[in-house]
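Thank you all for coming; I would like to walk you through a structure this morning, going from single elements to the way the chains come together. Please have the model open while I talk.

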Number of protein chains: 2
Amino acid sequence: MTNKVQTAITPTREEDYPQWYQEVVKASEMAEKSSVRGCMVIRPWGYTLWENIASTLDVMFKETGVKNAYFPLFIPLSYLEKEAEHVEGFAKECAVVTHHKLEKGPNGKLVPAGELAEPLIVRPTSETIIGESMSKWVSSYRDLPVLINQWANVVRWEMRTRIFLRTSEFLWQEGHTAHATEEEAKERTQMMLDVYTKFVQECLAMPVIRGAKTESERFPGAVDTLCIEAMMQDKKALQAGTSHFLGQNFAKGSDIKFQDADKKEQFAWTTSWGVSTRMIGGMIMTHGDDDGVIMPPRVAPAHIVLLPIFRNDEEKSKVMEYTTSLAKELRQVLYHDRKLVVEIDDRDTGGARGWDWIKKGIPIRAEIGPKDIEKDSVFAGRRDRSPKEKKAIKRSEFVNSMVDVLDDIQNTLFSRALEFRNANTIEIDDKKTFYDFYTSSSETRIHGGFCMAHWCGSRECEAKIKEDLSVTIRCIPFDSKDEKGKCIYCDSESGKRVLFAKAY
Amino acid sequence: MTNKVQTAITPTREEDYPQWYQEVVKASEMAEKSSVRGCMVIRPWGYTLWENIASTLDVMFKETGVKNAYFPLFIPLSYLEKEAEHVEGFAKECAVVTHHKLEKGPNGKLVPAGELAEPLIVRPTSETIIGESMSKWVSSYRDLPVLINQWANVVRWEMRTRIFLRTSEFLWQEGHTAHATEEEAKERTQMMLDVYTKFVQECLAMPVIRGAKTESERFPGAVDTLCIEAMMQDKKALQAGTSHFLGQNFAKGSDIKFQDADKKEQFAWTTSWGVSTRMIGGMIMTHGDDDGVIMPPRVAPAHIVLLPIFRNDEEKSKVMEYTTSLAKELRQVLYHDRKLVVEIDDRDTGGARGWDWIKKGIPIRAEIGPKDIEKDSVFAGRRDRSPKEKKAIKRSEFVNSMVDVLDDIQNTLFSRALEFRNANTIEIDDKKTFYDFYTSSSETRIHGGFCMAHWCGSRECEAKIKEDLSVTIRCIPFDSKDEKGKCIYCDSESGKRVLFAKAY
């Protein structure tokens, strides 16, 4: 016997972080692998989370004047080729449709038939197909800006997949805008990064570092890629959203031209920006503990589960009546523009029932038995605290304090994550310390963390570090101060520090 | 010069109905053809309509206990083959993915590479892939029912396409449920048809006839297909939604088994049901007139457009102030759980501006000029009435009466459509009259209508009529009374009338 605390998830984060992640996802019933290579099935608990994420972001986009539209799933190969770097970036991992029917082959089995004249690519992203439409819609500066967003599935044929983090098919939104001036397009690029920052920090409770990608880490075809980077509990970075300034590259490829006020023909300036179901993986790895997922209340699929307790039919009818009336009362409470979502779990599974909800990460659990009812109270626990930490609380207080308690959970999750990131972010100024930081082994196989170090700006130094350590420059943070220093790799002069990390 | 009334859409419905439809869609800026064969681009005005349709239906589904989930876009060929009739039904028109990357070919051009061991079909519908998941989720009767819905894109490689009505890619929802008993599955099939009926009649203002499909018109693999059928203004039928009772066919194919309360192993009973962007085509063809689309207020992308009128900057500032404040007031008004959506169009395009909104089908237009403001009134018109019929109305009355006016428009559209359908539905009892009904030519090329006639129940008579007239049995209406008669084709005995029509 050890005196180790029993946890709901095996292995723990310390024992095996990647495996912990897989087990947490499975135990939460959020999603599972499908038998289709690299594709996932998003189950209702995970999909409801995605609906909450999507509907919140959707309102934020629309507040900036963006409207939703929908474009074809298929992109003709010739379209993808309109921007050279772009096709280069996606050719290695795309699903190609080559036929449009099935026919019985020589051995009686169905085989692809009706070969297409031109192969179609299942969209990995839609710059080129949306550019085609924009070129039709835009002829005068009066037609600009065009501000479009699409909620869609995309496919990138990943070789190694992991649920939510990297799947061949994933769900996302992709915003695409066209503008009359460079300045306006750059402003939009920044504006959408601001929207992502606000959402990820306030709703997913994930602190992020904002910055620009280096040339080698940019979106294929972009002039500038802005990003937000978050730290997971294994101290790796996860890119939680990107916003690209595309210059006139795609406008030239797709022929998006307009007459300006002086009747001069010009190419438009475009942007694109996206977040995906990948964020869900990041959210799980930021907040989850050894008992499973922890849902930030602002996006949680449900806020509260009521667990009625009874031993016989007489008790059942009394307890269920109380529970139902409490649920009704709670469902009237408004929490950040959304009525509280309350689940009642009256399954007869004893202790396992409570643990099911802990593993799902629901913010509040409340047990209701005959004795609680006598005292007009419930026995409640918070997901951000130990499963054992439950206490009796008067019904009226429970209801009245709910908004504050949920906000407190939300804030606690954010503060914890920020504290963790700060504790694992350091400045390093010499190469040996830097290399040690990312290679020092330990039982847990979790190394390093975030490092702010000087970089001379050369692709070569960046590539060498990546080769040696699998460490990349996550971004050149906006708030990195001007400061004289020497490149961590080659000792050449550098004007500011950049953010290094291992990354998902 | 003719004294023909000038309309916004050329040709008119009478002149050329199919062409009228294309022009109406184009003029409304709801959607357009893409350069990808058979695929459409849904523009913001059309997509917002789809968002309203989807969010309304989504609430209705969830009220019946259904939860949303998401399943892979790709279906392995072997899965589709699990149900023989099913694969037969879709093999002729499907997009087949055969490769997972692109490589430079001999001539330097990119060509498909990385051939897949098994071809993947882009989902035409998801019974088989969802069945695979259900088989994992279900082991005991306690796991049933499973009530799942998916909002997704699907692909059916149609040879002749028409925007919204028949496109290779379309958006839809597909519900999939599994039950412990035949009775419960049949109840669910009927329940979802009831949801569709309520939505289509109350929100899209389209009267429908409810019934069951004949064997030859059923969904491939279904035991029973229930449907709702609407009449378009060219008197053709459009199937606006279907709900399938699948028996144990798909459960056997996908091995969805459970232990019942007596520990006996049984196959589950499944259903599936769907509506798609096709409904939008039906809505346009039901209500549209020779000036364009008419949006039913319950689903309209916007309810009211305010059209400020001014001749100089001084007037502009005064008029815009009034307009903005009126918009703000209107946006507080609740119309069927949705705040009124108000557009302000301050473009300087004179009369064309008002016509743009007529063609888009917005329910209410209101002009606001300096003279209107003096009288604290607006000059308003309704889309369901003649464009010329506009009248001055006091601001307060305009605001206060808005909910009633919108409801009146909604009801008017429904009544008109019902009246039209009733006027063009007849009972016929002899073959010659029946054949004349569907062949009598006229300038307008619009024939027949709905015919309730007797049918002996044989596939042969049904096939002959289809061959001769392109007329099909749309459904065996639920409310078709028991009545002795003779088959319209073969004179054999028949127990009730069925609904015949030409169809989209």
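Let me begin with a convention that the next point needs: two residues are taken to be in contact if their C-beta atoms, placed from the backbone, lie within 7 Å. Please also keep in mind that this is a predicted model.

With that in hand, look at helix H10 of chain A, residues 351–360, in which Asp356(A), Trp357(A), Ile358(A), Lys359(A) and Lys360(A) are buried. The buried residues of H10(A) pack against two helices, H1 (17–28) and H2 (44–63), and against the strands E15 and E19, which belong to chain A as well. After H10(A) comes Gly361(A), and the phi of this glycine is positive, near 85 degrees.

The two strands I have just named lead us to the sheet. Five strands of chain A make up an open sheet with mixed pairing, and their order is E18-E15-E19-E20-E21. At the edges we find E18(A), residues 342–344, and E21(A), residues 390–394, each of which pairs on one side only. From one strand to the next, the twist averages 30 degrees.

Within this sheet, E15(A), residues 304–308, runs parallel to E18(A) and is joined to it by three bridges; in one of the pairs across these strands, Leu306(A) has Ile344(A) in E18(A) as its bridge partner. Across E15, E18 and E19 (364–368) of chain A lies helix H9(A), residues 313–330, which runs at about 170 degrees to E15(A).

Let me turn to another set of strands in the same chain. Which strand of chain A is mostly covered, with nine of its nine residues buried? That is E11(A), which spans residues 237–245. On one hand, E11(A) pairs with E10(A), residues 224–231, in the antiparallel sense over eight bridges, and here Glu229(A) stands opposite Gln239(A). The hairpin that these two strands form has five residues between the strands, and in it Lys235(A) takes a positive phi near 70 degrees. On the other hand, E11(A) is joined by four bridges to E14(A), residues 269–276, again in an antiparallel arrangement, where Phe245(A) has Thr271(A) as its bridge partner.

Now for the two chains together. How many residues of chain B are in contact with chain A? There are 44 of them, and they meet 44 residues of chain A. On the side of chain B that touches chain A, strand E5(B), residues 96–104, gives the most, with seven residues. By character, the residues of that side divide into 27 nonpolar, eight polar and nine charged.

Strand E5 also carries pairing from one chain to the other, since E5(A), residues 96–104, and E5(B) pair in the antiparallel sense over three bridges. One such partnership is that of Val96(A) with His99(B).

Finally, the symmetry. Chain B is superposed on chain A, with an RMSD of 0.0 Å, by a rotation of 180 degrees with 0.0 Å of shift along its axis, and that is the relation of a two-fold axis. The same surface serves both copies, in that 100% of the contact residues of chain B recur in chain A. If you would like to find the axis on your screens, look for Val97(B), which comes closest to it among the residues of chain B, with its C-alpha at 2.1 Å.

Methods
Residues numbered from 1 in each chain as written. Chains lettered and ligands numbered in written order. Predicted model: local features only at pLDDT ≥ 70, side-chain atom pairs only at ≥ 80, totals over all residues. Pairing = 2+ DSSP bridges. Axes fitted to C-alpha atoms, helices over the stretch in contact; angles between N-to-C directions. Least-squares fit on C-alpha atoms with pLDDT ≥ 70 in both. Buried ≥ 20, exposed ≤ 12 C-beta atoms within 10 Å, placed from the backbone. Nonpolar A, V, L, I, M, F, W, Y, C, P; charged D, E, K, R; others polar.
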